[in-house]
Structure formats: structure tokens, C-alpha cells
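Ready for a few warm-up exercises? Take a look at what is shown below, then try each task before you read its solution.

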Amino acid sequence: METVMNQPKKKLHPHKFTLWVAIASILMMFAGLTSAFIVKSNLVGWSNIAIPKIFWVSTAVILVSSLTLQMALRAFRQREMNQYRMLMGLTFVLGCVFVVLQWIGFKGLWNQGVHFTGAAGAGQFLYIIFGLHALHVLGGIIALLVMFIKAFFGKVKLYSAVPVEVVATYWHFVDILWIYLLVFFLIIG
Amino acid sequence: MSEALHIHHDTAVSHDVHHSGDHGHHHQSFISKYVFSMDHKTIAKQFLITGIIWAIIGGLFSVLFRLQLGFPGQSFPILETFFGHWAKGGTIQPEFYYALVTMHGTVLVFFVLTAGLSGTFSNFLIPLQVGARDMASPFLNMLSYWFFFLASVIMIASMFLQTGPASGGWTMYPPLSALGQANDGSKLGADFWLIGMALFIVSQLMAGLNYISTILNMRTKGMSMTRMPLTIWALFFTAVLGVLSFPVLLSGAILLLFDRNIGTSFFLSDIVVNGEVLPNEGGSAILYQHLFWFLGHPEVYIILLPAMGMVSEILSINSRKPIFGYMAMLGSLFAICILAFLVWAHHMFVTGLNPFLGSVFVLLTLLIAVPSAIKVFNWLTTLWRGNIRFTPAMLFAIGFVSLFISGGLTGIFLGNSTIDIHLHDTMFVVAHFHIVMGVASMFGMFAGIYHWFPKMFGRYLNNTLAYFHFWVTLVGAYLIFWPMHYEGLAGMPRRYLDKSIWVSFNQFGSLDQMITIVTVIVFAVQLMFVFNFFYSIFKGRKVTTANPWGATTLEWTTPIRPGHGNWTGEIPEVHRWPYDYGKDGRDFIPQTEPIGANESKH
């Protein structure tokens, strides 16, 4: 026990670390839901559904939004604040579009006769799992909005990229989570 | 120092740090100091006091249903005065009984022994013992308490509903918990329960995130992971367990909410209630049990690990000896943490689980005996030939070891799927988990309170009352729960309202009366402890030295009443592990003291 702890030069910021643990935690919730899906899909009364096409559009939207947010982060690091504001705004809009598209997808599915009542099926899980995912995206949108407003009205000039990085990491996470959920429904659903 | 301090400049605490260096304390309103406080020490006290209030409520519930179990059907007119139609004619009504049992479990497991125990001591000890000004995110920390408070309000509110609180057992198994037609408690009460628990889970997640990132990122200079006190290690593993298992319960709770209110059939299938055929099809009640116990089993260790950590620390300090086998203690904590996730199905041996799968879970369950035995061995060898100081905290720590041994042994019985066929759902199970998890963790909590009360409030608890509290509680705990093993072995079921028509159990009538009487006495003594607690906050003997127990860890290098930011000057640097007791002829060497030239190794 004589070794003195070597302070590494690039230590992970506590907030970033907290985010990674939170991501693990969120993953556990979706792991619980998707494993419940697998268990249920082997029981009687199960019905599969066709994934509405609009979810492919929303996939494209959230992928692009990840890209714009990454560009925003780069702009912030290079202190190009106008470009940063523009890209943050764009990401925010794309995020909202994503949630709206999800809602349209749900409505389409609902009109096809996939309801909550009666026998269980992939549709009910889809509403809940995609709905919870959309809630997590909404959380990200609120964070984006806060950052966006700060970029315009912030009284204190912030030079630390940490808040932007935290939001970006979270946003990429919900993006990848969405891809996972979509692939999951395409293969097993 | 620079690296550790540098981090703080980004967090909200830095503000305070500057001030505390200049002029002691700075101005805070009552609201920001005591109510919406971001100081981890104040939040810890909030958790503790809320936990104490919950413990009184949960304990009172057990006294009430023990009245029914000890004296079935007998009238206690005073009950009608207080509880009205729930105790019509002074006898506890069936719905009341089941509500009491359910809420006793929910309150004690989640609100007292999770939030009250790890909430209090993680918040209090982590920054103080790793050498940090505050948590990684003080704001998130404050939110975690207030989500817990909101969850508490909803849970309390459910008790005042016309149809009563949830009453399908603390596990809330569907279909009983999902169908309002099935019993009164499954009407609005179950929704309150689920929403309250969802908020509770959010609170625990926010808390857990903070604990983990504080421990991993905010340690002071020199505080390597293997120089951390075992309390911190235990609280770390507790947080990991919580962060990974609570979300799974959340997913189960969400699905159950949908089944209850939207008409889905995740857990419901082929049900007829009172002649009414329900449309639900294809649901699986067992699925809920998997989701529940995937949290439920780690939850047991979420409750137990903080107690283990604090007991390790207190035993070492009051034996004036280094903890025996620090690395073994650490390894066994880690092993318990891993195994906790792999044994959940032992709660489901008799649900039609595949016997082969069952045998895998038997093996994994019995494996937990190994790290548990390592820990017990190390505690006993720490005590062995020590200079034991029987402080109240020490007594409770020793009591914890005693209870953990006697409760743990019956776990080996229950972990066998074959023996479980006979023992499941009997009083044997009740006896087992109350001793090993409930009372043992309570003892850990009492040990922690008696030990760190001087740090929390700058005063001591009254010793005479403390000794009385300890002996009555220890003897009482064994008198209450030991006989339940005999009842359970004879096949007496748990949860039943009235077993008196069951002729073969009549032999236990007077035994049950004895248990009930002891329960009342023990409960009264707990109230005495609560009196001691609150009285001593204001009138207790004042602490006059910074380090009253002669301990090595960092929390005793702070001022007697530390402000927000904990240390007035710089955060001290750590040079050694926290268990240098009785070394080289010295009683103890603080962690802050550099290693001497001729110092022997430990």
C-alpha cells in the first residue's frame, strides 16, 4: 500500500462519469423490458406487427441530429459561437421532429388496430418501449434547449466544453439506443 | 492537492470553499440551509430523520398485526378509536391486516433500510471519508432527497384512501395486485404504491449515481482505492447494485401500471374474478416475479452491505486492531455484489421453475455462503484478542455479527430447492430474513448512528439509554424471531390472518402470544431510542475533542461541527490505509500522517 496514487493527466470529469453510470442504469431498464418482450413472445395470444415505415424516417432524423450535435461540439471547441448556436438550434429542431415522427408512427399503428386492450402482442410493447425511449429523447431536448438559451443569453462566458460534451454523449446514447430498439423489433418483433 | 481541488472549481461547492476559508461560514437562509440544502451532511440528516419517522410507522404496523397473530380475534377497543372501521369492534379486520403486512414490508425494506440506511450513511460518510468537499453533484443529491420525500408523501397518502393502501404483499405480485376487483387494496392503493415506488426508484438512482462518481472521482490526494475505509467500499457496491437493479423493477412497475389502468395483458391471463371472465390473455404472472426479484435479491444486499461496511469499521476502531484481511473483506464484498445478480430465482423455486435451472440457482445461492463466511471469520478475528471498548456502537456491531451468523445459517436451508418445498411461505422464511436482513441491518444502522452521531450533531447520545436499548433489542430480536423457526418447520404459513382453526398449530398459541408481547416491549424501547436521538441533538453531552473515538479516518480531521465544505483549510492528504491501530506501540495513526522512516509494514 506504499504506492501513492498517480494522478492521471486526463481524468474523466465527475459529471461525465456520472452520465456513463446513468447510461448503464437506463440500459438496465430497457434490458428488463426487452427481455420481458422475449419471454412474452413465446406465450399464447402473441401477435406480431409490421413496423410502420415512418420509423425509418425518424431513424434518419435522429442520426442526422447526432451529426449536427457533434459538429456543434466542434464549433464550440473552436469558439465559433455563431456556428455553434446555429447547429445547436438545428439539433434541437431535429430532436423535436424525431418525437413528432414517433407520435405519428404510434398513431398509424393505433389506426391499424393495435390497441392496449385484449391479447398481448408486440404492439403493446412497442408503445411502451418506444414511448419510454421518446421520453428519454425529450429529456435530451430539454437539455439542448437549456444549452441553446444559455448560448444566447448567458451572462457569464463559458469556456468549458464539459456541459456540451455531457449533452452530446447523452444524445449519442439515445441515438444508439434507438438503433438497438429498432433492430430488436425488426429481428424479434 | 492541485488535481483534487481543481475538480471542485467546476462544481457548485467551490463557492463555499472560498468563503469558509475566509470567515468561517457565510450567510444562508433557513430554507437553503436546512430545507433545500445541497450540503451532503444536511441531506444525510434529512434522510435519517425521515427514515426514523418511517421506521416508527413501519414498526407500529408490525405491532398491530402481531396483536392479531398473538391474540386472534380478540377485541382491543382502543384500536377502533384510532382506526375506525379498519378495526371494527376493536378487532383487526382482514383488509386492515393485509394492508398492515404489506405496508410494513414496503416501508421497512425500501423507505427505512434502503433510503434511511444507505441514504443517510452514503451521504454522510462518502465525502467525509474520501476527502471531498461535497458530492460530485450536490444538486442531484438534493433532488434525490426530495424525490424520496415525494415518494413518502404518496405512500403516506395511500394509507388514508377510502379503500386503503396496497395490501397484496410487499412484492405486489399480479394478478392480485393488478385487479381492483380482487381486493380493496388493489384498487387505488396499488396505483399509489406503484407511483410512489417509481419516484422512490428515481430518487435512489440519482443518489446512486452520485455515490459512485464521488467515490471514483473525488478522492483526495493519496486516497487510492485500497486506502479507502471498508465503509466506503461497501457503500460503493451498494450503489452499484442499486443503479443496476432498480431500473428493472421500474420496468416491471411500468408494465404493471399499464395492466392495471390501460387494459394490457403483460402479466394477466385467463382470469375469472367473482364470476366475471376477464379478456386478458397471454400474460405471465411469473414474468413479473422475474422482474421483481431481479431487483428484489440485490435489494437484500443493498440493505445489508452498508451495515457490513459500518460494522467492519466500528469493530476495528473499538478493538483497537486493524481489520483482519482487508483485501479479503474487499474481495468478498465484490463476490457478494456479483452473486447478488445471479440468485434471484431462489425466490421462485416453487413457481414451476424448471428443476434443472433451479439446481443452478441452488448452487449459486449456496456460493454466497463463501464470501459471507469470509466476512464473519474476519470480523471474529478482528475481535480476537483486541482491546475491546464496549461503546454502544461496538455492542450493536457485535450484535450485527451475531444476528448475521444465526440468520445466515438458515439461509443455507432455504437456498436448497428441495427443502424449500417444505419451508417456502412458512414462518421459517419470515424468521430467516428478519434476522439476517431486517434486524441485522437495523443493528448496523444503530451502530452507525451511535458511532457517527458525535460527528453529525456535535453531541453524544445518552449512554445509559443506549445500553438499555441494545440489550432489550438484542434479547427481544431473538425472542421474537427464534421461535418462528419452530413454527415454520412445523409448517405454519406466513401471511395468514388467523390460524386458530388449524388444530395442529394450536400448540403454538402461547408462543405466538409471547412473541407479540415481546414485540410490544421492543417497539417501546425503540421509541425510547428515538427520544434519546432527538433529546441528544439539543441537550446531549457536547463533543469536546475532534476525534472522540481515536479513529484514523478523515472525517475526524474536520472541525467538531464542520461547515459546508467540511475542511476549513485544504483537504488533508492521505498517506496510509485506514486501519493502523496498535502499530509500533502507538494506539492509532491517522491516515493523514506520513509513513515514518522506521515504520513496520502492516
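A handy term to start with: pLDDT is the predictor's confidence in each residue, on a scale from 0 to 100. You'll need it because this is a predicted model.

**Exercise 1.** Work out what average pLDDT chain B has, and find where in chain B the pLDDT is below 50.

*Solution.* Start with the whole chain: chain B averages a pLDDT of 92, and 95% of its residues score at least 70. Next, look for the weak spot: residues 1–25 of chain B have a pLDDT below 50. That stretch still has 37 contacts in the model beyond near neighbours in sequence. Where pLDDT is low, though, the predicted coordinates shouldn't be read in detail. Finally, for the complex, the predictor gives an ipTM of 0.90 and a pTM of 0.92.

**Exercise 2.** Describe how chain A is built: how many helices and strands are there in it?

*Solution.* Count the elements: chain A has five helices and zero strands, so to speak α-α-α-α-α when read along the sequence. Then check the extent: its C-alpha atoms fill a box of roughly 60 × 50 × 25 Å along the principal axes. As for burial, 35% of the 189 residues in chain A are buried.

**Exercise 3.** Figure out which element gives the largest share of the side of chain A that touches chain B.

*Solution.* First, the totals: 35 residues of chain A are in contact with 41 residues of chain B. Two elements of chain A, α1 (14–41) and α4 (122–153), each give two or more residues to that side. The largest share, 16 residues, comes from α1(A). Last, sort that side of chain A by type: 23 residues are nonpolar, eleven polar and one charged.

Methods. Residues numbered from 1 in each chain as written. Chains lettered and ligands numbered in written order. Predicted model: local features only at pLDDT ≥ 70, side-chain atom pairs only at ≥ 80, totals over all residues. Contact = placed C-beta atoms within 7 Å. Helix = DSSP H or I, 4+ residues; strand = E, 2+ residues; numbered from the N terminus. Nonpolar A, V, L, I, M, F, W, Y, C, P; charged D, E, K, R; others polar. Buried ≥ 20, exposed ≤ 12 C-beta atoms within 10 Å, placed from the backbone.
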